[in-house]
Amino acid sequence: MTRKVPVVENIFKANDQLAQANRNLLDQTRTFAINFMASPGAGKTSVILRTIEALKDKYRLAGIDGDLASTLDADRIAATGIPAVQINTGGTCHLDAVMVQNALPKIDLPNIDVFIIENVGNLICPANFALGVHINVLVASVPEGDDKPYKYPTMYRGVQALLLNKVDLLPYFDFDLDYFRKGVEALNPGLAFFPVSAKTGEGFGEWFAWLQGQIDAFLQTANG
Ligand code: MG
Ligand code: ZN
């Protein structure tokens, strides 16, 4: 039992080193990378598709999609007209830095401004595997319940933005927004928070504005 801990620590350490290498490559090629995480069914792909539609006239985009087996989500991303690469994790329930490192050569990074990663739907291990991105984004959703920050603290602690999707369903669910936000605030004070509905488009203006601010700040400093 005492032997297992160092092994796990080494795995995370090796992953962190590769994530840093990914980050260096992204910085050198002036590419802002976003990692979207969510539980299955939160509407992550729908949120990403709306985000791509909002950004694609302003920036040169590319995406990679981590999926257990299918290419369904990558196909939906490719349908927006941006270059998309599928990472088949072969049953692994998260992306890690090696998978991203192997996918990066398939993307024309010097001619891409924003690189969107769709992680595997899972609230547990994706939080433990840094990919080297500039921001980690969590997509939560109303039907999942208002207790998720309390149940998955590592995930909620490690992100730079939180979208609460499916807010059009708030009248039909016993979801206490104050309780949810209190849990988030305790774990990640001041976290950028966006209540949205991928179905109606509600709330996305604020998310796009915030995200563009992050991208533009990065591209400006990376310019010099
Ligand atoms: Mg670039
Ligand atoms: Zn996993």
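Which side chains meet in a salt bridge at 3.5 Å, N to O? They are those of E53 and K56, and this pair opens the second of the close-ups below. Every view shows a predicted model.

**Figure 1. The largest nonpolar core and its best-connected members.** This core has 32 residues, and I34, F36 and W207 touch the most other members. Several elements supply at least two residues each: the strands β1 (32–38), β4 (114–118), β5 (135–141), β6 (161–165) and β7 (192–195), together with the helices α2 (44–55) and α8 (204–223). Helix α8 provides the largest share, with 7 residues. Take a moment with W207, which touches F36, T51, V137, A161, L163 and F194, leaving out residues up to four places away in sequence. A second core, separate from this one, has 18 residues, including L26, I87, M99 and I112. As general background, nonpolar side chains tend to be buried together in soluble globular proteins.

**Figure 2. Two salt bridges, E53 with K56 and D216 with K58.** The structure holds 8 salt bridges, and this view picks out two of them. The side chains of E53 and K56 meet at 3.5 Å, N to O. E53 counts as partly exposed because its relative accessibility is 43%, and K56 is partly exposed too, at 31%. In the other pair, the side chains of D216 and K58 meet at 3.8 Å, N to O. Since D216 lies in helix α8 and K58 in the loop between α2 and β2 (61–67), this salt bridge ties together parts that are 158 residues apart in sequence. D216 is partly exposed, with 28% relative accessibility, and K58 is also partly exposed, with a relative accessible area of 49%.

**Figure 3. A salt-bridge network of R30, R60 and D113.** Here the side chains of R60 and D113 meet in a salt bridge at 2.9 Å, N to O. This pair links distant parts of the chain, with R60 in the loop between α2 and β2 and D113 in the loop between α4 (97–103) and β4, 53 residues apart. Are the two partners buried or partly exposed? R60 counts as partly exposed because its relative accessibility is 37%, whereas D113 is buried, with a relative accessible area of 8%. R30 joins R60 and D113 in a network of salt bridges.

**Figure 4. The zinc ion (ligand 2) and its protein donors.** Which atoms coordinate the zinc ion (ligand 2)? The donors are C93 (SG), H94 (ND1) and C125 (SG), at 2.0 to 2.2 Å. If you would like to find them in the sequence, look for the spacing C-H-x30-C. C93 counts as partly exposed, at 33% relative accessibility, while H94 is buried, with a relative accessible area of 10%.

**Figure 5. The magnesium ion (ligand 1) and its protein donors.** The magnesium ion (ligand 1) is coordinated by T29 (O), T31 (OG1), L109 (O) and I112 (O), at 2.0 to 2.4 Å. Along the chain these donors follow the spacing T-x1-T-x77-L-x2-I. L109 counts as buried because its relative accessibility is 4%, and I112 is buried as well, with a relative accessible area of 6%. You have already met I112 in the first view, where it was named among the residues of the second core.

**Figure 6. The largest pocket and its lining.** How many residues line the largest pocket? There are 16, of which P40, K44, D73, E118 and G121 lie nearest its centre. The volume of this pocket is about 190 Å³. Strand β2 gives the most to the lining, with 3 residues.

**Figure 7. S197 and its surroundings.** S197 is found in the loop between β7 and α8. Is S197 buried or exposed? At 0% relative accessibility, S197 counts as buried. Leaving aside neighbours within four places in sequence, S197 is in contact with R50, N165, K166, V167, D168, E202 and F204. For a sense of scale, S197 and L169 are 28 residues apart in sequence and 8.7 Å apart in space, C-alpha to C-alpha.

Note on methods. Residues are numbered from 1 along each chain as its sequence is written. Chains are lettered from A and ligands numbered from 1 in the order in which they are written. This is a predicted model: local features need pLDDT of at least 70, side-chain atom pairs count only at pLDDT 80 or more; totals for chains, interfaces and linings use all residues. Side-chain values use heavy atoms; hydrogens and water are left out. A nonpolar core is a set of buried Ala, Val, Leu, Ile, Met, Phe, Trp, Tyr and Cys residues joined through side-chain atoms within 4.5 Å. Buried means under 20% relative accessible area, exposed over 50%, partly exposed in between (1.4 Å probe, protein chains only). Helices (H or I, at least four residues) and strands (E, at least two) are DSSP runs, numbered from the N terminus. Contact means heavy atoms within 4.5 Å. A salt bridge is a side-chain nitrogen of Lys or Arg within 4 Å of a carboxyl oxygen of Asp or Glu. Donors are N, O and S atoms within 2.8 Å of the metal (3.2 Å for Na, K and Ca); water is not among the atoms, so sites may look incomplete. On a 1 Å grid over the protein atoms alone, a cavity is a set of points where a 1.4 Å probe fits but cannot get out, and a pocket is an open set with protein on both sides within 12 Å along at least five of seven lines; lining residues have an atom within 4 Å of a point. Grid points are joined across faces, edges and corners, and a volume is the space filled by probe spheres set on the points.
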